[in-house]
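Subject: Structure handover

Hello,

Here is the structure we discussed, for you to look over before you set anything up. My notes follow below it.

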Amino acid sequence: MNRLAITLAAAAALGLASAASAKGNAESGKAKAAQLCAACHGADGAKPSAPDQPILAGQYYDYLVQVLGDYKSGNRSNAIMKGFAAALSKKDIEDLAAWFASQKSALHFQR
Ligand code: HEC
């Protein structure tokens with residue numbers, strides 16, 4: 001029984017780990033954001049340096065992945081973001097989305 005419990009716990013832990021990596025790695029995203037995105041969107045995505053640069057902090061992970069893919073493919077057209085998105089791999093996009101989605105901003109309702 002003990003052995004079974006350990007096996008189940010290990011399987012559950014592995015399952016969680018793979019679910020986390022399927023959503024991108026926020027720590028890697030943080031480093032990439034500091035290099036590539038911070039100048040316009042802010043390091044945590046909460047304080048853009050100009051009003052036409054959107055707040056990324058607290059946006060939905062799935063939305064951020066989708067829109068970065070759309071800039072890359074040209075589905076959403078913006079000359080500035082096309083250039084930045086074009087340089088990102090699928091993993092970069094997932095990591096950046098995980099980072100920005102996990103940050104707090106004024107987009108969150110304060111209760
Ligand atoms: C030179 C300034 C600049 C840099 C650097 C920059 N962006 Fe942007 N970003 C913008 C602007 C301007 C927009 C609004 C474009 C539009 O209207 O579609 C934007 C839009 C976005 C959006 C869409 C947000 C929304 O609410 O729809 C995402 C996501 C995004 N940027 C992510 C990033 C990421 C990730 C990086 C780093 C790899 C980055 N940006 C680097 C200027 C920048």
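What span should the twelve residues of helix 6 (residues 90-101) have at 1.5 Å a residue? The expected value is 16 Å, and the end C-alpha atoms of helix 6 are 16 Å apart, so the two agree. Please keep in mind that this is a predicted model.

Overall layout

The protein chain contains six helices and zero strands, and its pattern along the sequence reads α-α-α-α-α-α. It has 111 residues, of which 23% count as buried. Among contacts with a separation of 6 or more, 68% are between residues 24 or more positions apart.

Helix 6 and what covers it

Helix 6 is mostly covered, with nine of its twelve residues buried. The buried residues are Ile-93, Glu-94, Asp-95, Leu-96, Ala-97, Ala-98, Trp-99, Phe-100 and Ala-101. Their cover includes helix 2 (26-36) and helix 4 (61-73).

Ile-93 is one residue of helix 6 to check individually. It has 22 other C-beta atoms within 10 Å, and the cut-off for buried is 20 or more, so Ile-93 counts as buried. Outside its neighbours within four places in sequence, Ile-93 is in contact with Val-65, Leu-68, Gly-69 and Leu-88. For Val-65, the separation from Ile-93 is 28 residues in sequence, while the C-alpha to C-alpha distance is 6.0 Å.

Helix 2 against helix 6

The axes of helix 2 and helix 6 lie 7 Å apart, and the two helices pack at an angle of about 95°. Angles of 65 to 115 degrees count as roughly perpendicular, so helix 2 is roughly perpendicular to helix 6. On the helix 2 side the contact is made by Ala-26, Ser-28, Gly-29, Lys-30, Lys-32 and Ala-33. Helix 6 contributes Asp-92, Asp-95, Leu-96, Ala-98, Trp-99 and Phe-100. By class, this contact of helix 2 with helix 6 has six nonpolar, two polar and four charged residues.

Helix 4 against helix 5

Helix 4 and helix 5 pack at about 100°, with 8 Å between their axes. That angle makes helix 4 roughly perpendicular to helix 5. The residues making the contact are Leu-68, Tyr-71 and Lys-72 from helix 4, together with Met-81, Lys-82, Ala-85 and Ala-86 from helix 5. Five residues of the contact of helix 4 with helix 5 are nonpolar, none is polar and two are charged.

Ala-87 sits in the loop between helix 5 and helix 6. Is Ala-87 buried or exposed? It has 9 C-beta neighbours inside 10 Å, and therefore Ala-87 counts as exposed. Ala-87 and Lys-72 are 15 residues apart in sequence, and their C-alpha atoms are 8.5 Å apart in space.

The ligand

How many residues surround the ligand? There are 19, and the closest are Leu-36, Cys-37, Cys-40, Pro-54 and Asn-78. Helix 3 (38-41), helix 4 and helix 5 (79-86) each supply at least two residues of this shell. The shell divides by class into 14 nonpolar, three polar and two charged residues.

Regards

Technical notes. Residues are numbered from 1 along each chain as its sequence is written. This is a predicted model: local features need pLDDT of at least 70, side-chain atom pairs count only at pLDDT 80 or more; totals for chains, interfaces and linings use all residues. Helices (H or I, at least four residues) and strands (E, at least two) are DSSP runs, numbered from the N terminus. Two residues are in contact if their C-beta atoms, placed from the backbone, lie within 7 Å. The expected span of a helix is 1.5 Å times one less than its number of residues. A residue is near a molecule or strand if its C-beta atom, placed from the backbone, lies within 6 Å of it. Ala, Val, Leu, Ile, Met, Phe, Trp, Tyr, Cys and Pro count as nonpolar, Asp, Glu, Lys and Arg as charged, and the others, Gly among them, as polar. Axes are lines fitted to C-alpha atoms, for helices over the stretch in contact, and angles run from 0 to 180 degrees between N-to-C directions. Angles under 35 degrees count as roughly parallel, over 145 as roughly antiparallel, 65 to 115 as roughly perpendicular and the rest as oblique.
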